[in-house]
Amino acid sequence: MNDENLNNNLLEEIHRYFPTNEWDINACSPLTLAYLGDAVYEIIIRTLLVEERPRMVKTLHKHASRLVNAKAQATLMISIESALSEEETAIYKRGRNAKSHSVAKNADIHDYRIATGLEALMGYLYLTGNTKRCLELIKLGLPSIMKQESKPAQQSARPRKNAETAKAQH
């Protein structure tokens, strides 16, 4: 199977079984891209965990939960940001800056927004048939999550200014 077939296989099969009208991906809201990108990211992580070694489902879920959350996704995104193309950076920023009406219950707002940007990028890459790029970016950033997982708990993946620093800068 060549790279192109591997890259577009699932999306092409979906379109073959469920034909749809052509549409403009640029008209898609960043939160819609993030909605799909969340699933894309999770299926990649779950696949890696299942194929790593057989485990009980409870253990798989626990490990996946540590890798598929706002803090972990923000850590991954920060580590790969410099590797993004201009187009990818624009999609990420659209997702990050989108106004969501909710925040995950255990997420810092900064991490949540960065994670939403990553998910929007994953959704965009998937819908444009570029799952290979999704895999490249996750492979590049996964070590940063693993390193973060072994450190003691922190508030946010992104350093924030304290009130005194912010006042001093104004």
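Does Glu81 count as buried, partly exposed or exposed, and at what relative accessibility?

## Glu81 and its surroundings

In this predicted model, Glu81 counts as partly exposed because its relative accessibility is 30%, a value that falls between the 20% under which a residue is buried and the 50% over which a residue is exposed. Glu81 is placed in the loop between α4 and α5, the latter helix covering residues 86-97.

A distance to another residue helps to locate this position: Glu81 and Tyr92 are separated by 11 residues in sequence, and their C-alpha atoms lie 9.0 Å apart in space.

## Overall fold

The secondary structure of the chain consists of eight helices and zero strands, so that, read from the N terminus on, the order of elements is α-α-α-α-α-α-α-α.

The chain has 170 residues, of which 37% count as buried. When the contacts in the chain between residues at least 6 apart in sequence are taken together, 77% of them join residues that are at least 24 apart.

## The crossing of α2 and α6

Helix α2, which spans residues 30-52, and helix α6, which spans residues 109-127, have axes that come within 6 Å of each other and cross at roughly 80 degrees. Because of this angle, α2 is described as roughly perpendicular to α6, the range for that term being 65 to 115 degrees.

On the α2 side, the residues that take part in the contact include Pro30, Leu31, Leu33, Ala34 and Tyr41, and on the α6 side they include Thr116, Leu118, Glu119, Met122 and Leu127. Sorted by class, the contact of α2 with α6 is made up of 13 nonpolar, three polar and two charged residues.

## The second largest pocket

The second largest pocket has a volume of about 490 Å³. Its lining comprises 21 residues, and those closest to the centre of the pocket are Ala70, Ala104, Ala107, Tyr112 and Glu119. Glu119 thus appears in two settings, since this residue of α6 is also among those that meet α2.

The elements that give two or more residues to the lining of this pocket are α2, α4, which covers residues 70-80, and α6; of the elements, α6 gives the most, with five residues. By class, the lining of the second largest pocket divides into nine nonpolar, six polar and six charged residues.

Definitions and conventions:
Residues are numbered from 1 along each chain as its sequence is written. This is a predicted model: local features need pLDDT of at least 70, side-chain atom pairs count only at pLDDT 80 or more; totals for chains, interfaces and linings use all residues. Side-chain values use heavy atoms; hydrogens and water are left out. Axes are lines fitted to C-alpha atoms, for helices over the stretch in contact, and angles run from 0 to 180 degrees between N-to-C directions. Helices (H or I, at least four residues) and strands (E, at least two) are DSSP runs, numbered from the N terminus. Angles under 35 degrees count as roughly parallel, over 145 as roughly antiparallel, 65 to 115 as roughly perpendicular and the rest as oblique. Contact means heavy atoms within 4.5 Å. Ala, Val, Leu, Ile, Met, Phe, Trp, Tyr, Cys and Pro count as nonpolar, Asp, Glu, Lys and Arg as charged, and the others, Gly among them, as polar. On a 1 Å grid over the protein atoms alone, a cavity is a set of points where a 1.4 Å probe fits but cannot get out, and a pocket is an open set with protein on both sides within 12 Å along at least five of seven lines; lining residues have an atom within 4 Å of a point. Grid points are joined across faces, edges and corners, and a volume is the space filled by probe spheres set on the points. Buried means under 20% relative accessible area, exposed over 50%, partly exposed in between (1.4 Å probe, protein chains only).
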